[in-house]
Amino acid sequence: MAVAAVAVTGALAAAGCGGGSTGSNDTSEVEVFSWWTGAGEADGLAAMKADFEKRNPGTKFTNAAIAGGSGTQAQAVLASRLQNRKPPDSFQGHAGAELLDYIKAGQIEPLDSFYDENRLKAAYPEQLLQQITYQGRIYSVPVNIHRSNVLWYNPGVLKDAGISAPPKSIAEFIADLKAVKAKTKKVPLSLGAQWTADHLLENVLLGDLGTDAYNALWKPGADWGTPAVGKALGDFGEIMGYTTQEAASTDWQGAAKAVVDGRAAFNIMGDWAYGYFTGNAPNGLGKKLDTDFKYAPSPGTDGTYMWLSDSFTLPRNAPHRGGAIAWLKEASSKEGQDLFNPKKGSIPARKDADRTLYKGYLEYAFNEWNKPGVKLAGSFWHGVNASKKQHTDIDTAVGLFLQNKDVAKLQAGLVSAAKNSGQ
Amino acid sequence: MTRRVPRRVRNWLPGLLLVSPSILAVGLFVYGLIFWNTREAVSGRHDEISPYRFDKGRNFVDLWDQPSWPGAVKHALLFTAVFVAGALLLGAFLAFLMDKGIRGEASFRVVYLFPMAVSFIASGVVWRWLMNPAPPERAVGLNQLFGELHLGALANGWWQDPEWGMAAMALPAIWQMSGYVMALYLAGFRGVPEELREAARVDGASEWKVYRHVVFPQLRPVTLSALIILGHISLKVFDLVMAIAGKQIITYVPAIATYVEVLDRHDPANGATIATYLLLAVALLVIPYLVWSVRAERTR
C-alpha cells in the first residue's frame with residue numbers, strides 16, 4: 001500500500017515538474033521541515049522563527065512541520081518528497097547515522113565549509129563532532145541535546161522497599177528491582193511499547209559494557225557475539241522480568257507516569273520525561289521534583305552522557321539554498337539555541353550557551369554536558385549510531401525477544417543486524 | 001454532402017470514448033503500478049541507491065529468512081481465520097434473528113450496521129482501551145470490568161498473548177464487519193420465496209430444518225461473496241493493528257511489514273516483495289470467485 005502511495009505521488013510529481021531546479025542562492029524564502037508540533041517544541045521553533053525573521057527581513061519563513069512523535073510520520077512524508085526531488089530547503093533529522101541513507105543517496109550536502117565559515121568546529125564539543133562525522137565530513141547542524149541515560153524513580157516507593165540511594169551499577173539495579181518486588185506491591189520497573197524496550201536495551205548495554213566498549217559496538221565490523229555483550233543481554237533479560245505484562249499497550253508517557261503516580265519504582269527514559277512530569281496540564285502532569293520523583297544517571301553510566309540531537313540539514317537542490325543557509329546559521333547560533341532549548345526542555349549543543357537560562361533538571365543536564373572529562377556515547381535508538389536498517393533489525397530482534405525470552409536468539413539477531421547494517 | 005461515420009464505428013466508438021478514461025486510469029494506476037511493484041520486487045535493490053539488477057525472484061525465497069516475516073504470516077492467517085469465521089457466524093446469526101421477525105427490526109438493523117461507518121483507526125483506539133491487558137487491579141476496560149464483577153478469572157492478556165493475541169485482535173474487526181455480513185444475509189433471506197419455506201413446512205420440516213436444508217443452501221452465493229470481501233479485508237489489515245498496537249512484533253502483519261520495510265528499513269525490494277505476496281494471496285481468493293461468477297452469468 002505504501003509502495004503504491006509513493007508510486008502515485010512519484011508519477012504525479014514526475015508529470016508536474018518539468019525542468020527541476022538546481023541549487024540557487026535564492027534567499028526570498030525558506031521552507032523548514034520538522035516534526036516539532038508538540039507542546040514546548042512548537043513554542044521553541046516559533047521563538048527561533050521570530051529571531052530568524054528579525055535577522056533576515058527579506059526571507060519568508062514557511063513552517064512545514066508534520067505532527068507525530070519522534071518524526072515517524074514526518075519521515076515518511078520526507079522520504080517521498082526526496083524521492084520526487086522536491087526537497088524542503090532544510091529538514092530536521094536526528095544527528096548521526098540516521099542521516100546515512102540520505103548521505104549515501106546524495107540527498108544532503110556536506111556542511112564542512114559552512115562549519116568553517118561560521119567557526120562552528122570550536123563551538124561544538126569535539127566528541128560530538130567526531131560522532132556525527134561520516135567519512136571525514138559533517139552533514140548536519142545540531143540544535144539541541146537530549147539525554148537518554150536517565151533513571152527516574154519514586155522516592156516513596158524506594159523508601160518502602162528499603163532502598164536508600166539509586167543504584168550505581170546494573171548489579172545493584174537488579175538487586176533493587178528484586179527488593180521492590182519482594183517488599184512492595186508496586187511495579188519494579190515500568191515499561192511501555194516495544195521501542196521503550198529498545199531504549200532500555202541501550203541503557204543496559206552502556207551500563208554493563210562501559211562507554212568505550214559501547215561506542216565500539218557501532219564501528220563497522222564490530223563484534224556483537226562477545227561474552228561481554230552476552231552477559232549484558234542476560235542482564236537485560238533479567239531486568240525485563242521486573243516489568244509489566246501490559247507494557248505493549250502503553251507508550252512512554254504511560255510508563256513514566258506510573259513512577260510519578262507512585263505505581264512503579266523505576267523507569268528509564270530520556271530527559272523529555274522531565275518536561276512531561278513538571279509541565280502544567282494538559283501537556284504535563286504538574287508534579288514536583290524530589291517529592292513526586294527524582295532522577296539519577298541510569299545504572300552504571302555516571303560520567304557518560306548518552307546523547308541524541310535534533311539537527312538540520314542542507315538538501316541537495318534545495319529550492320532556496322540561500323534561505324536554507326540563513327536558517328542553518330540561525331539554528332547553529334548561540335542566540336537561536338538559547339531561544340529554542342529552554343522551551344523545548346533540552347540543552348544547547350554548543351558549549352558557549354547561557355547557563356543561567358537552564359533551571360531544575362536542565363541545569364544538571366547543562367553541567368553534565370559541559371563538564372570537563374565527560375564521555376559522550378550516542379543513543380542508537382534515537383538515531384545517533386545505527387543506520388535505519390540496523391535500527392529496525394535491532395527493534396525486530398528485541399520484539400521477538402519480548403515474546404520468546406531467548407537471550408541467545410536475541411544476541412544472534414543483534415549480530416546479524418550489525419552485519420547487515422550497510423555501514 | 002457530409003461524410004458519414006460508418007455505422008459499425010458509430011456503434012462502438014461512443015462506448016469506447018466513454019470508458020476510455022477509466023481504462024486508462026485503471027491501466028496506469030492499477031496494472032501499471034502492479035507491474036512497477038513486481039519489477040521492484042525482483043530488483044534486488046535492498047537500499048534506495050543501488051542500481052537495478054534482476055534477481056530472478058530470489059527475494060521471494062530470501063524474505064522467509066527475515067526474522068520478522070514468518071511471524072507476520074502466522075499472525076495474518078490466525079487473524080483471518082478468526083475474523084472471517086467470527087463475522088460470518090455472527091452476521092448470519094443476527095440476520096437469522098432479524099428474519100424471524102423482531103420488533104423494531106429497522107432500528108436494530110441500523111444499530112448493527114453502524115459500526116461499519118466507523119473507521120478502523122477510530123474503533124481501534126477505543127478497543128485499545130477496552131482490551132487493556134493489565135491485571136484487574138490496575139487495568140482499564142474489559143479486564144477492569146471483569147474485576148469489578150468478580151470475574152477476575154476472565155481477565156486476560158488480549159492481543160498481548162504471544163500465541164493467541166491475533167485472535168483477540170480480530171474481535172474489533174468482527175464487531176465492525178458482522179453488521180455488514182448481516183445485511184448481506186438478510187437480503188439473501190428475503191430473496192428466498194416464501195412458497196419454498198411453506199412447501200417445506202407442509203412436508204413436516206421443523207423451523208431449523210427449513211433453514212438448514214432450504215434457505216441456507218440457496219445462500220451459497222451470498223456466503224461466497226461475504227467470504228471474499230472479509231478475506232481480502234483481513235489479509236490487508238493495517239489500520240486496525242496500527243491503532244491498537246502500532247508497529248510491534250507481537251502483532252506484526254504483512255501490510256505493516258511493507259510499511260516498515262519501505263519507510264523504516266529503507267528496503268524497497270523487501271517492501272515490494274511483501275506487497276506482491278499480499279496481492280497473490282488476495283488473488284487466490286478473488287480469481288476463483290470471478291471465474292465462478294462469470295460462469296454463473298453465462299448459464300443464466
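Helices (H or I, at least four residues) and strands (E, at least two) are DSSP runs, numbered from the N terminus. The model is predicted: local features need pLDDT of at least 70, side-chain atom pairs count only at pLDDT 80 or more, and totals for chains, interfaces and linings use all residues. Residues are numbered from 1 along each chain as its sequence is written, while chains are lettered from A and ligands numbered from 1 in the order in which they are written.

**Exercise 1. Find G204(B) in chain B and decide whether G204(B) is buried or exposed.**

Step 1. Look at the loop between α8 (194-202) and α9 (207-215) of chain B, where G204(B) lies.

Step 2. Recall the cut-offs: a residue is buried if 20 or more other C-beta atoms, placed from the backbone, lie within 10 Å of its own, exposed if 12 or fewer, and partly exposed in between.

Step 3. G204(B) has 7 C-beta neighbours inside 10 Å, so G204(B) counts as exposed.

Step 4. Now look across to N270(B): this residue is 66 residues apart from G204(B) along the chain, and their C-alpha atoms are separated by 61 Å.

**Exercise 2. Describe two residues of chain A, R119(A) and Q135(A), by backbone angle and surroundings.**

Step 1. Start with R119(A), which is not a glycine and yet has a positive phi of about 50°. R119(A) sits in the loop between α5 (112-117) and α6 (126-131) of chain A. It counts as exposed because 8 C-beta neighbours lie inside 10 Å.

Step 2. Turn to Q135(A), also not a glycine, with a positive phi of about 50°. Its place is the loop between β4 (133-134) and β5 (137-138) of chain A. Q135(A) is exposed, having 6 other C-beta atoms within 10 Å.

**Exercise 3. Trace the four-strand sheet of chain A that contains β7.**

Step 1. Strands pair if DSSP finds at least two bridges between them. The open sheet runs in the order β14-β7-β12-β15 (chain A), and its pairing is mixed. Its edge strands, each pairing on one side only, are β14 and β15 (375-378) of chain A.

Step 2. Follow β7 (residues 144-147) of chain A to one neighbour, β14 (residues 347-348) of chain A: the two strands run antiparallel and are joined by two bridges. Here N144(A) has P348(A) as its bridge partner, and I145(A) stands opposite I347(A).

Step 3. On to β12 (residues 304-308) of chain A, which pairs with β7(A) in the antiparallel sense, again over two bridges. In this pair H146(A) is opposite L308(A).

Step 4. Check the side chains of β7(A): N144(A) and H146(A) point one way, I145(A) and R147(A) the other way, and all are buried.

**Exercise 4. Which strands stand at the edges of the five-strand sheet of chain A?**

Step 1. Write down the order of this open sheet, β2-β1-β3-β13-β6 (chain A), with mixed pairing.

Step 2. β2 (60-63) and β6 (140-142) of chain A stand at the edges with a single partner strand each, so one side of each has no neighbour in the sheet.

Step 3. From one strand to the next, the twist averages 30°.

Step 4. Pick out β1 (residues 29-33) and β3 (residues 90-94) of chain A, which pair in the parallel sense over two bridges. V32(A) has S90(A) in β3(A) as its bridge partner.

**Exercise 5. Work out how α9(A) and α17(A) are placed relative to each other.**

Step 1. Axes are lines fitted to C-alpha atoms, for helices over the stretch in contact, with angles running from 0 to 180 degrees between N-to-C directions. The axes of α9 (residues 194-209) and α17 (residues 388-404) of chain A come within 9 Å and cross at roughly 105°.

Step 2. Angles under 35 degrees count as roughly parallel, over 145 as roughly antiparallel, 65 to 115 as roughly perpendicular and the rest as oblique. α9(A) and α17(A) are therefore roughly perpendicular to each other.

Step 3. Contact requires C-beta atoms, placed from the backbone, within 7 Å. Residues of α9(A), including W195(A) and L201(A), meet residues of α17(A), including I394(A) and V398(A).

**Exercise 6. How many residues does each chain bring to the contact between chains A and B?**

Step 1. Chain A brings 31 residues and chain B brings 36 residues.

Step 2. Within chain A, α17(A) gives the most to the side that touches chain B, with nine residues.

Methods:
Two residues are in contact if their C-beta atoms, placed from the backbone, lie within 7 Å.
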